[in-house]
Amino acid sequence: MRHLLSPLDFSVEELDSLLDLASDIEKNPDKYKHACDGKKLATLFYEPSTRTRLSFESAMLSLGGNVLGFADAGSSSAQKGESVSDTIRIISCYADICAMRHPKEGAPLVAASHSSIPVINAGDGGHQHPTQTLTDLMTIRSLKGRLDNLTIGLCGDLKFGRTVHSLINALVRYPNISFVLISPKELRLPDYIRQDVLEANNVPYKEVEELEDSMTNLDILYMTRVQRERFFNEDEYVRLKDRYILTPEKLEYAHKDMLILHPLPRVNEISVAVDNDPRAVYFKQVQYGVYVRMALILTLLNINI
Ligand code: CP
């Protein structure tokens, strides 16, 4: 039995196979519509979500399976003090696979160690969000045609943005990748990613504070929201929340084929005036998220079609 807790749980070859499967699902959805007949996915969401929870549910329903779960810890027995390890023992009796989002870093890892079904990390605190990374990789591979030879700008809250941490972990394994890290000092990428992932793998990167400075060199611009829910101090959030706002004027300096990604939800960091720019692919990204989650469910349940 396998879990997905970090993007590193899959080798590059396994990731490429999973993305191939997701692309086949995109092209031939009917082939997969009974692949999970009789199977159940539990979605255990201790933190708010729109995309991740509903795309998992949509994925399982598109595979012919069923879904159950909770969208709010307050409506589960966590409210009465039940531990994650006890909860997963119970869910293992009800479902074949589960996706868990939790505000505490490492909670899905704890669940996996007490589970008899595959556990998928659907986001744990400010740590990792591996299925968003699968979504991002499919978006880049589908629209750029490659996952190597890319300069990627990561902009916004690089401290708490778990999607950024997971994406860096995944991309450093491909050849000729470099990063431009665009954030205020207060929201810099944490050392455990900068030193232990980028520097340990000799991946070139530079840190800048102004978005405009590096726009001309990017193949991908990955915008992120400032993660209000991770701040201890509301005044600090208010001071930093609108530090970066991508506008059509700023995009005049970008390559004509640069892609703009965002894991969403968006707050103010991308002006709605950018949405009609052909380089803005964040809504397409959402659709790829369903195909990769379908591929992930099939892979972890060991179902071959
Ligand atoms: N991208 C993402 O994780 O969105 P949700 O928080 O809506 O699931």
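**Figure 1. Strands β3 and β4 run side by side in the parallel sense.** In this predicted model, β3 and strand β4 (residues 119-124) are paired in parallel over 4 bridges. For a landmark in this view, look for Cys98, which stands opposite Val119 in β4. To get from β3 to β4, the chain passes through helix α4 (residues 107-113), and this β-α-β crossover is right-handed.

**Figure 2. Strand β1 is also a parallel partner of β3.** Here we turn to strand β1 (residues 40-45), which pairs with β3 in the parallel sense over 5 bridges. Cys98 of β3 is a handy guide again: Ala42 stands opposite Cys98 in this pairing, while Val119 in β4 is the residue opposite Cys98 in the pairing of Figure 1.

**Figure 3. Strand β3 is buried on both sides.** Strand β3 covers residues 97-102, and 6 of its 6 residues are buried. In a regular strand, side chains alternate between the two faces of the sheet. In β3, Ile97, Ala99 and Arg101 point one way, and Cys98, Met100 and His102 point the other way. Do take a moment to find Arg101 and His102, since both are among the buried residues of this strand.

**Figure 4. Domain 1 meets domain 2.** The chain is divided into domain 1, made of 7-128 + 287-300, and domain 2, made of 130-285. Their contact draws 35 residues from domain 1 and 30 residues from domain 2. Measuring over C-alpha atoms, the domain centres are separated by 24 Å. Between them the two domains bury about 2600 Å², with 57% of this area on carbon and sulfur atoms. The count of salt bridges between domain 1 and domain 2 is 2.

**Figure 5. Glu47 and Arg162 form a salt bridge.** This close-up shows the side chains of Glu47 and Arg162, which meet at 3.3 Å, N to O.

**Figure 6. Val180 sits buried in strand β6.** Val180 belongs to strand β6, which spans residues 177-182. Val180 counts as buried because its relative accessibility is 5%, and the cut-off for buried is under 20%. Leaving aside residues up to four places away in sequence, Val180 touches Thr151, Ile152, Gly153 and Leu154, along with Lys206, Val208, Ser214 and Leu218. Cys155 is worth locating too: Val180 and Cys155 are 25 residues apart in sequence, and their C-alpha atoms are 8.3 Å apart in space.

Definitions and conventions
Residues numbered from 1 in each chain as written. Predicted model: local features only at pLDDT ≥ 70, side-chain atom pairs only at ≥ 80, totals over all residues. Heavy atoms only, no water. Buried < 20%, exposed > 50% of the residue type's maximum accessible area, 1.4 Å probe, protein only. Helix = DSSP H or I, 4+ residues; strand = E, 2+ residues; numbered from the N terminus. Pairing = 2+ DSSP bridges. Right-handed = clockwise from strand over helix to strand, strands pointing away. Domains from an automatic or database assignment. Contact = heavy atoms within 4.5 Å. Buried area = accessible area lost by both parts, 1.4 Å probe. Salt bridge = Lys/Arg side-chain N within 4 Å of Asp/Glu carboxyl O.
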